[in-house]
Amino acid sequence: MFLETMSIDHFRNYDHTELEFGQDVTLFLGQNAQGKTNVLEAIYTLAMAKSHRTTTDKDLIQWQAEYAKIEGRVRKRGQSVPMSLIVTNKGKKAKVNHLEQKRLSNYIGHLNVVMFAPEDLSLVKGSPSVRRRFIDMELGQMLPIYLYDLTQFQRILQQRNHYLKRLQTRKTTDTTMLDVLDEQYSELAAKITLRRRDFVVQLSEYAIPIHSEISRQKETLEIHYESSVKLLEEVAKDKELDEVRAQLITDLQSKRQREIDRGVSLIGPHRDDLTFIVNERNVQVFGSQGQQRTTALAVKLAEIDLIFQETNEYPLLLLDDVLSELDEHRQTHLLNAIQGKVQTFVTATGVEGIHHQTLADATCFYVEEGTIKKMDEVDNDDR
């Protein structure tokens, strides 16, 4: 899978830009605050129908414009497939092969991406919400039905919290509606919990050997999915969903008064987390910065292999100013891992001191004030 072309209209600081890409590495060079990250954000948004940097869609629309539009042509399974996404203040319109997708969950997955930026180092040391979002975005690319279930769960969660707040403030005392919501809530929560658990198991299979190699076999990694509900590992696979759903109902009933007192749902996948263990110690709490970065890098590289396993095609890799955050050993490992295998887009202010054939062979663009030119078209005085 690779992105052949992309056009951007009224996106961030870009008025109109058209780009063609090769299958290997594309390097965007330029000073800070010129628009390099915005290009990678456009690719990510085209793939995921949302930005990795903001949850507010209007931030993507150029100042005083009414919409932002991203179009791309994706080569996959021997075919060239057009995709487009229009973002307005009223919502989004997504098309694949010129056909509008009524649900964004049906749109996501046609172009798979893995983003690695300095803020992704917070995957290890950041808040649980960062790690939950990581799972949701990556799992959603491989299994679109997961995104649909997650959206439905979030809707029920909002309704349930609203009703718990009404009970807390005694605007109602009837718990019948809560019983109905609990049935819907537990069904969706069980599906999400089990899919996340399975995803983490699969991810671990790839991340553990990668981590061992990066650490020169000096460290061992474990990744655990910390769920607010017992996962009942001993239960047969065909009965897991029923068992976890039943466990959720039991837990919800036992904590009902506490939830009413606090006015929020205390059990469910919105409370879950990931734990990274290196040499039997929680790397989030006790790990050095180097160990945290090695763990984050291993997980990101594992994503690439896992997506390939599930889709039989490698995703695009977006490296946003991340090479400067890694030491030479980690840089080399990352670049060796992608060489000749993954279409990669890299942003940097410069690549001096990074000696690797992958970057030497890259197609280079220069970015300045929302204008992108091929490096051979730029005068030295303009750089």
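These exercises work through two sheets and two pockets of a predicted model.

Residues are numbered from 1 along each chain as its sequence is written. In this predicted model, local features need pLDDT of at least 70, side-chain atom pairs count only at pLDDT 80 or more, and totals for chains, interfaces and linings use all residues, while side-chain values use heavy atoms, with hydrogens and water left out.

**Exercise 1.** Give the strand order of the open sheet of three strands, and place the helices on it.

Solution.
- Strands here are DSSP runs (E, at least two residues), and helices are runs of H or I with at least four, numbered from the N terminus. Two strands pair if DSSP finds at least two bridges between them.
- The order is β9-β10-β11, with antiparallel pairing.
- β9 (221–226) and β11 (281–282) each have a single partner strand, so one side of each lacks a neighbour in the sheet.
- Two bridges join β10 (residues 273–278) to β11. V278 stands opposite R281 in β11.
- Helix α4 (residues 128–142) lies across β9 and β10, at about 100° to β10. Angles run from 0 to 180 degrees between N-to-C directions; axes are lines fitted to C-alpha atoms, for helices over the stretch in contact (heavy atoms within 4.5 Å).
- Helix α10 (residues 289–311) also touches β9 and β10, and makes about 120° with β10.

**Exercise 2.** Which strands stand at the edges of the open sheet of six strands?

Solution.
- The order is β8-β12-β13-β3-β14-β15, with mixed pairing.
- β8 (113–116) and β15 (371–374) are the edges. Each has a single partner, so one side is left without a neighbour in the sheet.
- The twist averages 20° from one strand to the next.
- β3 (residues 25–29) runs parallel to β13 (residues 344–348), joined by five bridges. The bridge partner of F28 in β13 is T347.
- α10 packs on this sheet, touching β8 and β12 (316–320), at about 170° to β8.

**Exercise 3.** Which element gives the largest share of the lining of the largest pocket?

Solution.
- On a 1 Å grid over the protein atoms alone, a pocket is an open set of points where a 1.4 Å probe fits, with protein on both sides within 12 Å along at least five of seven lines; lining residues have an atom within 4 Å of a point.
- The largest pocket has 23 lining residues; K50, L147, L150, T151 and Q154 are the closest to its centre.
- α5 gives the largest share, seven residues.

**Exercise 4.** Which element gives the most to the lining of the second largest pocket?

Solution.
- The 17 lining residues include H52, D120, V130, R133 and F134, the closest to the centre.
- α4 gives the most, with five residues.
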